[in-house]
Amino acid sequence: MTSNISFMNGVKSLRDIDVEGKKVLIRVDFNVPVDSNNNISDDRRIRSALPTINYCIDHNACSITLVSHFGDPKGGYEEKYSLKGVRKRLERLLNKKVEFVEDLDASKDEIAACSLERVFLLENIRFYKGEKKNDEELSKKLASICDVYVNDAFGTSHREHASTHGITKFVQTKVAGFLMMKEVEAFAKALEEPVRPIALVVGGAKISSKITLLEAVLKKVDKLIIGGAMSNTFLKALGYDMQDSLFEQDYVQTASQVLQHARENGVKIYLPVDVVITDSIEKPIDVKVVPAQDVLEGFKAVDIGPATVKLFSEAIELSNTIIWNGPMGIYEIDKFSKGTFKIASAMGACYAYTIVGGGDTADAVDKCGESENFSFISTGGGASLELLEGKILPGFQNLDRKIEVN
Ligand code: ADP
Ligand code: MG
């Protein structure tokens, strides 16, 4: 049986085709974080797309049209979600003029007839209602302006949208970009022939969407280390009163099942033995460390405690492959960031193959200066977790293949 990863590894990449004189459309993921003044706070996603764009420029593609979403607009124009700011940063990084296409309908004939080496950036594709509906008309329109489709938007590859999926039905040549291949290769190394023991470290606040995949992941890992708000749900499942902590009542049952299946599969589970609790997140006055089963009335668990940091760090040290998604606490607030930062340092210092994925988790690793010490930082949060779960991501599904699989 072919695994989802070897299926995705089997798609053709840009290197397998000839782009000379071709009109190339590249689906990139320029969904970058911005600060309160709308400045780009982290351009990793733009920089990550440069190898693919530069390859097309260097191999004389006749035109390059870049397509991306940015934020989640309602399906019409919204100033704050315009890609205009991204265009400026891209021009600086590429050192080349990038022409902005505000209206696809008005410009599509010009792009389709283009015979010069030009780079276009299309305005936020989610301003078109058809994008998220995987609409056939929009897919065809995008297909009509190119000879070659390149998907390099790993962060969006778990979505079945017009520019990530629908378009592939109407373009003859469709391949993956270098970022897509790099991401799959990094996960292949961790999952196809992992050097055991392999540990999955999960945390964060998106409990409902992540807890359901833990069941599938149990078959692949030796250790499951759980922190953050995710662990509050598990501690609740153990019968602890978590008081005002963030947890998901609807998923306490799922947490119990995961614990039971882990026992059956011989997977070792690590849960917090102590937690940092506070009377308030915004205005903390009373902050203390208590055993995980002793959260005080009116308090919230907001970080893992020092004994847990020690326990988790030892489990990390004794692993050879580690995948991490989800902070151990509210790392954005100094007082509650110690657990996450110390776990990041423990991973950075260990000799294992380490992958970190997820917007907030990658941000936390960056903030404590450990980025360089990880083997790989994935640009995908949701995408990397669905990949872990064993799914073939829609963004890879219809791309041309190097050799056909039966
Ligand atoms: P990622 O973006 O890496 O996939 P998530 O979005 O799932 O991660 O979770 C990150 C968020 O989880 C952060 O904003 C962090 O403050 C929050 N968080 C972590 N632990 C707790 C906790 N104990 N209580 C409340 N929020 C938490
Ligand atoms: Mg997040």
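**Note on ligand 1 and helix α10**

1. An oxygen atom of ligand 1 lies 2.4 Å from an N or O atom in the side chain of Thr361, and it should be kept in mind that this distance, like the others below, comes from a predicted model. A polar side-chain atom of Glu332 is 2.5 Å from an oxygen atom of ligand 1, while for Asn325 the corresponding distance from a polar side-chain atom to an oxygen atom of the ligand is 3.4 Å.

2. Of the 580 Å² of accessible area that ligand 1 has on its own, the protein covers 89%. The elements that give two or more residues to the shell around the ligand are α8 (228-237), β12 and α12 (359-367). In total, 19 residues surround ligand 1, and the closest are Ala205, Lys210, Glu332, Asp360 and Thr361.

3. Turning to helix α10, its twelve residues (306-317) should span 16 Å at 1.5 Å a residue, and because its end C-alpha atoms are indeed 16 Å apart, the expected and the computed values agree.

4. Which residues of α10 are buried? They are Thr308, Val309, Phe312, Ser313, Ala315 and Ile316, and, seen down the axis of α10, they fall within an arc of 160°, so they line one face of the helix. As background, an α-helix has 3.6 residues a turn, so residues three or four places apart point the same way.

5. On the other side of α10, Pro306, Lys310 and Glu317 are exposed, whereas the cover over the buried residues of α10 includes the strands β8 (223-226), β9 (268-270), β10 (274-278), β12 (300-304) and β13 (321-325), together with helix α11 (338-349).

Conventions:
Residues are numbered from 1 along each chain as its sequence is written. Chains are lettered from A and ligands numbered from 1 in the order in which they are written. This is a predicted model: local features need pLDDT of at least 70, side-chain atom pairs count only at pLDDT 80 or more; totals for chains, interfaces and linings use all residues. Side-chain values use heavy atoms; hydrogens and water are left out. Helices (H or I, at least four residues) and strands (E, at least two) are DSSP runs, numbered from the N terminus. The expected span of a helix is 1.5 Å times one less than its number of residues. Buried means under 20% relative accessible area, exposed over 50%, partly exposed in between (1.4 Å probe, protein chains only). The arc is that of the directions from the helix axis to the C-beta atoms. Contact means heavy atoms within 4.5 Å. A residue is near a molecule or strand if one of its heavy atoms lies within 4 Å of it. A polar contact is a pair of N or O atoms within 3.5 Å; within protein, one must be able to donate a hydrogen and the other to accept it, and residues adjacent in sequence count only if both atoms are side-chain atoms. Accessible areas come from the Shrake-Rupley method with a 1.4 Å probe; for residues, only the protein chains shown count as cover.
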